[in-house]
Structure formats: C-alpha cells, structure tokens
Amino acid sequence: MTASSTELRAELKALLVSALNLRGRDPASIDDDAPLFGAAAEGQAKGLGLDSLDALELAMAVEERFGVRLPEGEDARFVYRSVATLADYVAGAAMQGNGPGPPGPR
Amino acid sequence: MTAREGRIWITGVGLTTSLGSTREATWTRLMAGERSMGPVTLFDTEGQRSRIAAEAAHVPALPPGVEPSSRTAALAWASAREALGHAKLSPKRVSTGLCVGTTTGGMLETEEILASALAAADPRVGPDAGARARLTTHPLSAVGDALVDLLGPFARVRTLCSACSSGANALVLGATWLRHGSVDAVLVGGADALSRLTFTGFNALGAMAPDACRPFDRRRRGLTLGEGGAFLVLEREGSARKRGVRPVAELAGFAMGAEAHHITHPDPQGVVAARLLGQALARAGVAPPEVRYVNAHGTATVANDPMEARALEDALGPSLDQIPVSSSKGQLGHTLGAAGALEAGLTALAVERGRLPPGVGLEEPDPACALRHVGPRGCEAQVPVALSNAFGFGGMATVLVVRDAYGGDRVEDAGPARLGPRPVVVTGVATLGEVDAEGALASLDGARARRLDRGASLATALVARALEDAGRRGALSDASQAAGAGIGDEGVGLVLGSAFGDVDGAAAYVQRLLAKGPRLASPADFPNLVPSSPAGHASVYLGLRGPVLATGDLSASGEAALVTAVELLGAGLAKGLVAGALEPRSRLVEGVLGAVFAGAGALPRGEGGGAVVLETADEAAARGARIHARVVAAFAWRDGGEGPVQALSLPPPKDPSTARVLRVRADPQGRAMLADSPWAACPEHVGVQRSSSAAGHHEALGAVVFVEAVGILRRGEAREILVVGTAPGRGYALVLSAP
C-alpha cells in the first residue's frame with residue numbers, strides 16, 4: 001500500500017473536521033489510527049464515533065477535494081477504518097491517476 | 001354525540017399517481033400488478049446512481065386562470081376533486097375542513113429560481129416579475145391555497161409536514177376536527193411532485209435503488225421515488241348517513257409518534273413503531289388476530305424493511321403469521337408527502353372491495369423480513385380490519401387502522417368524543433430573539449448538534465428552554481440526560497411552525513448541484529431541507545417520542561402550530577406537546593419571499609420565536625406541574641371575503657373588564673373577525689408589548705405574542721385573553737384563562 005504523507009493526513013483531518021462539522025475539534029488531536037466509525041475497542045485510541053451518514057458526507061468531501069472516489073460497500077470498510085487507511089487509499093489512487101507508479105491499495 | 005355518530009367514515013377517495021390519474025385507473029393497474037417506473041423526464045438525471053422514478057404520466061392541467069401553479073398543486077387538485085366527487089360532497093354546502101400533507105410544495109418549479117436568487121449579489125434585485133410570481137407557489141401552504149381557490153370554500157385549512165408520514169398525519173388531524181365537531185366533513189391527504197432537490201438528495205444518501213425497487217426482497221437496494229396526490233373525505237357516520245352517502249371504510253384508529261433516534265436512519269429495533277401499532281389497535285378496539293391485511297411502509301431501503309417486520313412481530317405476535325403484508329411502493333414508488341394518504345386510500349379500497357394490493361418487486365423474500373407476503377398480483381380476501389403504516393425521516397411515524405364501515409362494535413373507543421376535547425394547559429414558555437440567539441446556540445452540545453443548521457439549532461434550543469421552564473427536563477449541558485433515553489418522554493411531542501422552511505439551505509443546495517453536479521450534492525445537508533427537519537432534529541436531540549410535525553401557514557405558522565397542538569392534545573393523541581415557531585435569519589426571506597408574500601414596507605425582519613409546553617390537564621396534575629394558563633378554546637378559519645367562511649363560536653369573556661385581546665399584527669381581517677364579538681369591548685393590544693421579550697419582526701411573531709399572553713395571565717394582569725393571529729386570508733384564535 002502506498003504510504004501517505006504527513007501533509008495528506010493533516011489535510012484529511014482538517015477535512016474531517018470541516019466537512020462533518022466537528023466543531024471545536026482540533027484536527028491535530030485526531031490520532032492517525034483512531035477508529036473513525038463506531039466505538040473504539042479496548043486499548044485503541046478514542047474514536048470519532050462517526051456514523052454512516054458521516055461516511056457518505058466524507059466520501060463526497062474527499063471526491064470534491066482530491067478527485068478520488070472512495071469505494072462503496074464491503075470494500076469500503078478497510079479504507080474508512082482510520083485517517084491512516086483513508087489517506088493511504090487517497091495517496092494510492094492519486095498516484096494511479098497520475099500515470100505509472102506503485103499499484104494502489106485494493 | 002351518540003355512539004353511532006362517533007365512527008369516522010371514509011366516504012371519498014381520490015388518487016392521481018404514476019399508474020393513472022384517477023382512483024379506478026390506479027386501482028385497476030395496481031391490482032393487475034403493474035408498475036410504471038422509468039427514466040425521469042421532468043429533469044436531467046445525468047451522472048446519478050439512480051435515474052428512474054414512478055413519474056405521473058398524466059397530471060391533469062389546472063383550470064385556466066390559476067397560473068402560476070405547481071405540479072404538486074396539480075396532483076393535489078386532481079385527487080382532491082375526485083375525492084369530493086366520490087363523496088358527493090360540496091364544500092359550498094357542507095362545513096368542510098382541508099388538511100394537506102406535503103414535503104416539497106412548489107419546489108420543482110422554484111428550486112432553480114431560488115438558487116439564482118441566492119447567487120444574486122442583492123436578492124432584492126434578483127428574480128424578475130415572472131419568477132417572483134412563481135415563488136408564490138413555493139411554500140408548503142401554497143398547495144392548500146390552490147385547493148381553496150379551486151375547490152373551496154373551506155372553513156379551515158392546515159398544512160402539515162412530517163416527512164414521509166405527512167399524508168397520514170393529515171388524515172389524523174382531520175379526524176380530530178370531526179371528533180371535536182369543528183366541521184362536518186374533512187378533505188384530507190397529501191401530494192408531492194418530483195423535484196431535483198429530492199431526487200438528487202435521496203441519491204446522495206445512497207437510498208435509491210438503481211433499478212425498480214424491491215420491498216422486502218433480500219436483494220433490495222433502496223427506494224424508488226414516485227409522485228402523486230391522494231385525498232380522502234372523512235366524515236362522522238351520522239353526517240354521512242344524513243347525506244345519504246355510502247362509506248368506503250371506517251378510519252377506526254390511529255397513533256402518531258417519533259423515534260427520536262436519527263434524522264435519516266430508522267431505529268433497527270422498531271420500538272416506537274411497535275408501540276404505535278399497539279396504540280392504534282387499542283384505540284380501534286381491535287385485537288391482533290382481527291387484522292387481515294397490512295399495507296406496509298415498505299420503502300425497500302436496506303434499513304426500513306427489517307425494522308418494520310420486527311415492529312409488526314412485536315406488536316402483532318403470532319397472529320402476524322396469518323396476516324398478509326404488502327408494500328404498494330413497489331408499484332407506486334415512494335410518494336413522500338402523498339404516501340401516507342395514498343396508501344391509506346388503497347387500504348380503504350382493499351377493505352371495501354375485499355381485495356389485497358399486491359407486493360410487486362418482491363421475488364426473494366429477505367429472511368430478516370419473515371412476513372406473509374402478498375404475491376405479485378392482487379388477490380381476493382375479506383378484510384374486516386387492516387393497518388396502514390407510514391414511517392418518515394427523523395422517525396416521525398404514524399399508524400392507521402382501517403375497518404369495514406359496518407364492522408366493529410357501535411361503541412366508541414374510550415376517547416374524548418363523548419366528553420368533548422380533553423382540557424389543555426400551559427406548563428412552560430420560552431422565547432428566543434436576536435439578543436440571545438448566539439447564547440442559545442452555544443448552549444447546545446456541539447457534538448450532538450453538529451448536523452443541525454441554524455434554524456434547527458435555534459429551534460432545538462428554544463424547545464429545550466420551554467421544557468426546562470415546564471420542569472420536564474434537566475439542564476441542556478447535561479449530555480447524559482440529553483441522550484434522550486433517560487427522559488422517556490413517549491407522551492411528549494412537538495409541533496413547530498415555519499413559513500418557508502430552510503429556503504436558504506434549499507437554494508444553496510441547488511446552487512451547488514447546478515455548479516458541481518449531482519455527485520457532489522451533500523448527503524448531510526439534504527435531510528435538513530425537508531421542512532419537518534428542525535422538528536425532527538429537536539425530537540432526536542431532546543428524546544421527544546410523542547407526535548412530531550411541522551406546520552406552515554405563512555406568517556401565521558406559529559399560530560397554526562399552537563392550534564394544531566391543542567387539537568391533538570384534545571383528542572388524546574399526546575400527553576404533552578411543545579408548540580411554537582422559530583424563524584432564523586434568511587437572505588431569501590428577507591430579500592425576496594418576505595416581499596412576495598407580505599408586501600413591501602414590512603418592518604426589517606429579525607430572527608427569533610416562541611414556544612410553549614402544552615399538556616393535558618390530567619398529565620399536568622399527575623406530575624404536579626405548575627400551570628401557567630388554561631387553554632379554553634382554539635380556532636382556525638379561512639376568510640371568505642366577508643369574514644370567516646364559518647363563523648367562530650368564540651366563548652365570550654366571563655368578565656370583559658378583566659379580559660384582553662392580543663392581536664399579533666394590526667390587520668383589517670382580525671378586526672372584522674372580532675367586530676360583532678363580545679371581545680370587541682375588551683382592551684386590545686397589537687404585537688409584542690414587553691421590550692424584554694426579545695422578539696424581532698418575523699413570521700414566528702404569533703408564538704411570541706402567545707407567550708406574552710401567558711405571562712400577562714400569570715402576573716394577574718388579566719384573567720382571560722383572546723389571542724388572534726392572521727395572515728392573508730386566514731386566521732387563528734386561542735382563548736386562554738388564568739390558572
């Protein structure tokens with residue numbers, strides 16, 4: 001999988017906060033690996049507790065900002081897991097779109 | 001009222017749908033298992049996931065001279081006219097009320113105009129005369145206004161929005177008018193045309209199937225939008241017998257409530273739906289084994305169908321195994337505001353004709369929806385009792401019980417009809433205005449209020465304040481209490497008035513749609529554009545599980561909400577209702593719509609509103625609530641040119657020297673209504689008197705004046721007050737007395 005840059009992850013965190021109206025939340029306080037959706041498991045960093053309506057809004061915001069279409073359905077679960085997985089997907093898709101390069105995430 | 005007079009009969013049904021522009025055309029094709037779902041032709045759907053709908057092929061044109069009009073109004077008129085004909089009812093000769101459920105109003109014709117008006121540097125300069133004329137069709141109340149022009153006169157007219165249960169709630173409210181004896185017949189139903197806004201919105205939510213929908217099928221992928229108009233005539237059995245008309249069926253029972261769960265997703269446990277099913281059956285005096293058919297909400301979304309199946313199981317128990325169930329949305333699509341009325345109409349015809357509507361689109365039943373499904377063609381079966389479900393966005397749900405007209409005991413349900421309406425009292429008040437708007441917004445839990453737009457946020461804060469004043473909820477900032485479950489307020493609901501809905505939001509949404517295409521339409525913004533959304537959001541945030549709905553009647557929207565709440569409480573449909581109105585700032589209302597409707601020269605528009613907690617006297621007594629005032633009576637009327645179409649029987653003041661009249665605005669109509677009344681002798685005030693009430697000039701003023709009236713009574717400055725609120729051609733009056 002393509003590793004995403006710190007800058008991309010930071011942009012995504014900012015996008016999460018603005019697109020989902022997470023008022024008062026400092027993007028930098030969002031852990032790269034914290035679960036975005038549902039409750040956090042024990043030992044995991046505290047999640048954002050987003051729901052499926054947020055997932056739809058986020059997908060639209062990512063497409064608008066990065067021109068990348070996120071997958072739907074079962075394929076989407078892994079991608080939406082955390083900022084890190086999302087950013088990696090976006091980085092990979094962007095690289096694919098820009099010509100030959102390492103294969104993107106499945 | 002005798003028991004015989006007490007049954008509510010359905011004496012007329014009118015339907016205009018994708019299957020046909022008349023009742024019989026729709027019914028015949030429905031029973032043959034047909035459906036008419038195909039590519040949308042009304043507007044471009046390029047690039048969208050789903051591009052089909054159940055579009056009405058023939059929408060009868062309105063008579064000449066009624067332009068501009070909306071497609072929604074045309075659908076309403078065709079079906080309403082047919083219902084009147086079916087019932088052989090002339091509103092000119094019989095005192096008739098009209099109640100309309102709709103979610104889009106004139107959105108199809110005005111969405112683009114609004115988008116360009118918003119984009120204009122100064123909206124005041126924006127639309128030309130033709131566009132301004134079209135804008136008169138925009139508000140939800142414009143549909144009812146068109147029906148008044150074409151089919152009236154009506155003694156009273158109300159417009160409701162509760163998302164997908166709007167049409168069903170119109171039937172319920174009309175039934176309460178009959179029970180209270182306010183009118184002798186009601187024309188009730190709903191209509192919605194397709195629009196770009198709703199079509200792209202449901203697509204953005206991923207809620208629309210790419211092909212024709214499959215209710216209860218394990219392969220279902222969402223709903224198919226439809227459009228239509230459906231109206232019923234209801235009247236008391238005694239009135240119908242006097243008129244010599246045959247009934248179609250009886251509206252035997254009903255229940256309204258809200259899930260308080262999520263603005264778009266149903267509660268998978270179906271707890272509230274099950275409760276409402278049970279309540280409706282109890283009110284009808286029907287036990288589960290007597291139910292012989294269920295016309296399901298059955299939208300074919302992934303979430304709805306199993307929830308509904310579960311609720312039916314919980315409410316009907318083992319009897320469900322023998323009860324055939326079908327969803328007509330597999331043929332007619334989801335007709336939004338029309339759906340509840342349309343499907344109630346089909347259910348009534350099923351009962352009358354002994355035939356079950358089919359379940360089309362279902363080929364492989366989902367095991368999670370373990371129901372006895374009707375096959376793809378209608379079948380014959382005796383249906384002494386049937387259920388019709390409507391579960392809307394934001395969890396606003398309604399269940400109707402339809403019974404054979406001559407079936408059932410001739411004994412009333414233990415309702416208020418024999419005793420008159422239940423007494424209603426005011427137990428809490430609140431206002432909100434420009435000075436405290438920001439503080440109110442800040443008082444909300446940011447995390448739980450993040451999806452709410454400004455209007456919904458202010459409305460939620462206002463409702464919360466009123467509930468606190470009534471001693472019905474803890475501090476706003478207590479997040480755990482605010483989670484809703486702890487309140488368990490099943491009996492408390494909400495009726496919120498709004499003149500134009502979130503018109504800026506709708507315009508911005510369409511602007512974005514036209515500029516960036518449908519893929520980038522915002523799925524989170526779309527639900528906020530249904531006019532019932534502030535009420536829905538408030539009910540989710542505050543855990544209110546009683547009836548929840550919005551009313552719209554231009555600058556008398558708050559008055560409409562108050563009177564509606566009194567009517568519902570009087571009929572025993574809730575223990576408590578927060579009622580009022582909140583109008584947020586709006587570029588379009590201030591720049592365009594205000595002038596279109598109220599005329600130039602109106603005072604600068606402010607932002608704000610008022611709300612009161614109304615409870616039945618019994619409920620207030622049971623919990624030892626402090627009573628601020630008693631509601632003596634509530635009236636609604638339409639002006640027939642020489643005063644109200646039907647004279648109001650206002651109770652006279654017991655003592656004019658300690659009674660007052662509070663008029664929301666100075667207007668000749670209110671004057672004329674009072675002219676020959678004993679209240680004319682009482683001191684009168686116009687508008688808001690106390691400068692501390694923080695009210696601006698906006699369409700929610702009526703609610704603020706009502707709060708002021710309550711304050712006057714509490715302070716002992718008067719013993720009785722008549723509050724009168726009007727908008728062009730219509731008015732509301734409430735009589736209050738000191739506690």
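So, polar contacts between the two chains: in this predicted model, 13 residue pairs are in polar contact between chain A and chain B, both residues at pLDDT 80 or more. If you look at the side of chain A that touches chain B, you get six nonpolar, two polar and eight charged residues. And on salt bridges, the count between chain A and chain B is six. One to pull up on your screen is Arg519(B) with Glu63(A), where the closest N and O atoms sit 2.9 Å apart.

How much area is buried between chain A and chain B? About 1,500 Å², with carbon and sulfur atoms giving 47% of that. In residue terms, 16 from chain A are in contact with 20 from chain B.

Okay, on to the inside of chain B. Nonpolar side chains tend to be buried together in soluble globular proteins. Here, the largest nonpolar core has 105 residues, and the ones touching the most other members are Ile10(B), Leu234(B), Val426(B), Leu614(B) and Phe706(B). Take Phe706(B): setting aside neighbours within four places in sequence, Phe706(B) is in contact with Val426(B), Leu562(B), Val612(B), Val723(B), Leu734(B) and Leu736(B). There's also a second, separate core of 33 residues, and Ala284(B), Leu312(B), Val399(B) and Val401(B) are among them.

Last thing, cysteines. A search of the whole structure turns up zero disulfides over all chains. Why does Cys369(B) have no bond to Cys213(B)? Because the sulfur of Cys213(B), the closest cysteine sulfur, is 13 Å from that of Cys369(B), too far for a bond. Cys369(B) is also buried, at a relative accessible area of 1%.

Then there's Cys379(B). For that one, the closest cysteine sulfur is in Cys369(B), 19 Å from its own, so again that's too far for a bond. Buried or exposed, where does Cys379(B) land? Partly exposed, at 31% relative accessibility.

Definitions and conventions. Residues are numbered from 1 along each chain as its sequence is written. Chains are lettered from A and ligands numbered from 1 in the order in which they are written. This is a predicted model: local features need pLDDT of at least 70, side-chain atom pairs count only at pLDDT 80 or more; totals for chains, interfaces and linings use all residues. Side-chain values use heavy atoms; hydrogens and water are left out. A nonpolar core is a set of buried Ala, Val, Leu, Ile, Met, Phe, Trp, Tyr and Cys residues joined through side-chain atoms within 4.5 Å. Buried means under 20% relative accessible area, exposed over 50%, partly exposed in between (1.4 Å probe, protein chains only). Contact means heavy atoms within 4.5 Å. Buried area is the accessible area (1.4 Å probe) that two parts lose on being put together, summed over both. A salt bridge is a side-chain nitrogen of Lys or Arg within 4 Å of a carboxyl oxygen of Asp or Glu. A polar contact is a pair of N or O atoms within 3.5 Å; within protein, one must be able to donate a hydrogen and the other to accept it, and residues adjacent in sequence count only if both atoms are side-chain atoms. Ala, Val, Leu, Ile, Met, Phe, Trp, Tyr, Cys and Pro count as nonpolar, Asp, Glu, Lys and Arg as charged, and the others, Gly among them, as polar. A disulfide is a pair of cysteine sulfur atoms within 2.5 Å.
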